[in-house]
Amino acid sequence: MLRITIIGAGVIGLAVAEAISSQKNSEVFIIEKYSSFGQETSSRSSEVIHAGIYYPQGSNKGNLCVVGNEMIYHICKANNIPHRNSGKLIVSTNEETEKQIPELFQKAVDNNANSVRIVERDEISRIESNVKSNLAIFCPTSGTIDSHSYMQYLEAKAISYGCTFAYNSSVIGIDRKNSEYILTIQNPDGTSFDFETNIVINSAGLFSEKIAQMIGIDTDVNKYNLVYRKGIYFRVHRKLELYPKALIYPVPPDSGSVGIHTTPDLFGGMRLGLFIGPEQKEIEYSVDESMHRYFYEQAKAYLPFLEYMDIAPDNAGILPQLQKPDEPMRDFIIQNESDKGLDGFINLIGIESPGLTSAPAIGKKVAEMANSI
Ligand SMILES: Cc1cc2nc3c(=O)[nH]c(=O)nc-3n(C[C@H](O)[C@H](O)[C@H](O)COP(=O)(O)OP(=O)(O)OC[C@H]3O[C@@H](n4cnc5c(N)ncnc54)[C@H](O)[C@@H]3O)c2cc1C
């Protein structure tokens, strides 16, 4: 029986674990440095189920997002995972952004984002009476998910299929012996042991570049370098009853960001996000309070009732991007490294947004890759 070891129990590692262990033709392990799942990027997202609008045609990001979107709704409904299919409006706020709506709409159609349509002022008011805009794109398949419950479901499902979870276990080295991989795993007390496996799946998120380096992949030559960019949120504290139930996004200000949008959670709370900052070297999650006016002005453009003191700094997450801030969007890397002489070493690198939405589709794709090794 093949032994398959997944590094990292974020939403991606969990979705891969669930998909692979359901096939019952292998022994599956998942190694995670924290004491439970989803302690890094997966617990810091907007929890939006994306429709797949913003991504280059034919990309993993576009394709896996559209497939993942359908899968996630199906999984949520079948397993009582809290979610809301609220739909999303991408609103123009002036003449310049109005002109960009047709091009953005075409991109959505090219990406097979389901049932998107252009809507004008009257329909916008019917969908969300408190939103101000003349022209928008309505995406009926967008929504919100309780990502913690989704991860809990994936963990429980994987365990029920026989997957073994090793928490409090850090991978600190990887070697190759014949056709097997030897992972060196460190315990919390500093002791370590070696663990043999046939297939390695690197879903270590912010540390996926480091894991690739451990097996000797030159991440500079292969362009696997991660660029950390912090995304920050402000929380809405007042007048929550006035806020739209649908997700409200502006027309993206540039190719690297989707703009300051509303992110209602499923429990009555509301955040505004996401401002994506410059490249940073460290993983740290402080929120720059001086962004208060920027958040206020951006959201005020489509939420006319918003007042300056309604919002306050909230939390942040770090996007593991492959492109530098001024470069065009790069795709998810999902690759069996056989061309590097490392058959059975599957790298998942640069799984930024829409990683949460794409997770079940990524799980399925990686399970198929592992099956064909
Ligand atoms: C601010 C923000 C907002 C986002 N919003 C959305 C959204 O609305 N919708 C959407 O679809 N996507 C969104 N995303 C993207 C989504 O959150 C990510 O794509 C997804 O969570 C990535 O999951 P992951 O499992 O790859 O990474 P992580 O969740 O980071 O998991 C990696 C795991 O690997 C473990 N690990 C690392 N190194 C080691 C090691 N050496 N040994 C053992 N374990 C290790 C870590 O502890 C961690 O648990 C957002 C991302 C950010 C940052």
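**Notes on a two-domain predicted model**

1. Let's start with a backbone oddity: Asn 168 sits in the loop between strand 9 (164-166) and strand 10. This is a predicted model, so read everything below in that light. Asn 168 is not a glycine, yet its phi is positive, at about 55°. Buried or exposed, how does Asn 168 come out? Partly exposed, because it has 14 C-beta neighbours inside 10 Å.

2. Lys 223 deserves a look too. Here again a residue that is not a glycine has a positive phi of about 55°. Lys 223 is in the loop that runs between helix 6 (208-214) and strand 14 (227-236). Its count is 13 C-beta neighbours inside 10 Å, so Lys 223 is classed as partly exposed.

3. Two cis peptide bonds to check by eye. One joins Gly 273 and Leu 274, with omega about 10°, and Leu 274 belongs to strand 17 (residues 270-280). Another runs from Ser 353 to Pro 354, with omega near 10°. Pro 354 is a loop residue, located between strand 20 (345-349) and helix 8.

4. Now the overall picture. The protein chain carries 8 helices and 20 strands. Its radius of gyration is 21 Å, and a compact globule of 373 residues would be near 21 Å, so the two agree. Along the principal axes, the C-alpha atoms fill a box of roughly 65 × 40 × 40 Å. Buried residues come to 47% of the 373. Among contacts with a separation of 6 or more, 74% are between residues 24 or more positions apart.

5. On domains: the assignment splits the chain into domain 1 (2-44 + 148-225 + 329-371) and domain 2 (88-140 + 227-321). Their C-alpha centres are 32 Å apart. How many residues does each domain put into the contact? Domain 1 gives 11 and domain 2 gives 11. On the domain 1 side, the touching residues are 3 nonpolar, 6 polar and 2 charged.

6. The ligand has 41 residues around it, and the ones that come nearest are Gly 8, Gly 10, Gly 205, Gly 317 and Gly 355. Helix 1 (11-21), strand 10 (170-177), strand 18 (311-321) and helix 8 (355-371) are the elements that supply two or more residues to this shell. By class, the shell has 17 nonpolar, 18 polar and 6 charged residues. Domain 1 and domain 2 each contribute at least three residues to the shell.

7. Which residues have the most contacts inside the largest nonpolar core? Val 16 and Ile 201, in a core of 102 residues. Helix 1 is the biggest giver here, with 8 residues. Both domain 1 and domain 2 supply residues, so this core lies between them. As background, nonpolar side chains in soluble globular proteins tend to be buried together.

8. Val 16 is a good place to zoom in. Setting aside neighbours within four places in sequence, Val 16 contacts Ile 6, Ile 201, Ser 203, Ile 362, Gly 363, Val 366 and Ala 367. Ile 201 thus turns up as a contact of Val 16 as well as one of the two residues with the most contacts in the core.

9. Helix 1 itself: why call it largely enclosed by the rest of the structure? Because 11 of its 11 residues are buried. The buried set includes Glu 18 and Ser 21 along with Val 11, Ile 12, Leu 14 and Val 16. The cover over these residues includes strand 1 (2-7), strand 2 (26-31), helix 5 (147-160), strand 13 (199-202), strand 20 and helix 8. Helix 8 and helix 1 are also both among the elements that give two or more residues to the ligand shell.

10. Last one: Tyr 285, in the loop between strand 17 and helix 7 (292-300). With 12 other C-beta atoms within 10 Å, Tyr 285 counts as exposed. Not counting residues up to four places away in sequence, Tyr 285 touches Asn 315 and Ala 316. What is the C-alpha to C-alpha separation of Tyr 285 and Arg 44, which are 241 residues apart in sequence? It is 9.9 Å.

Notes: Residues are numbered from 1 along each chain as its sequence is written. This is a predicted model: local features need pLDDT of at least 70, side-chain atom pairs count only at pLDDT 80 or more; totals for chains, interfaces and linings use all residues. Helices (H or I, at least four residues) and strands (E, at least two) are DSSP runs, numbered from the N terminus. The radius of gyration is taken over C-alpha atoms; the globule rule is 2.2 Å times the number of residues to the power 0.38. A residue is buried if 20 or more other C-beta atoms lie within 10 Å of its own, exposed if 12 or fewer, and partly exposed in between; C-beta atoms are placed from the backbone. Two residues are in contact if their C-beta atoms, placed from the backbone, lie within 7 Å. Domain bounds come from an automatic or database domain assignment. Ala, Val, Leu, Ile, Met, Phe, Trp, Tyr, Cys and Pro count as nonpolar, Asp, Glu, Lys and Arg as charged, and the others, Gly among them, as polar. A residue is near a molecule or strand if its C-beta atom, placed from the backbone, lies within 6 Å of it. A nonpolar core is a set of buried Ala, Val, Leu, Ile, Met, Phe, Trp, Tyr and Cys residues joined through C-beta atoms within 7 Å.
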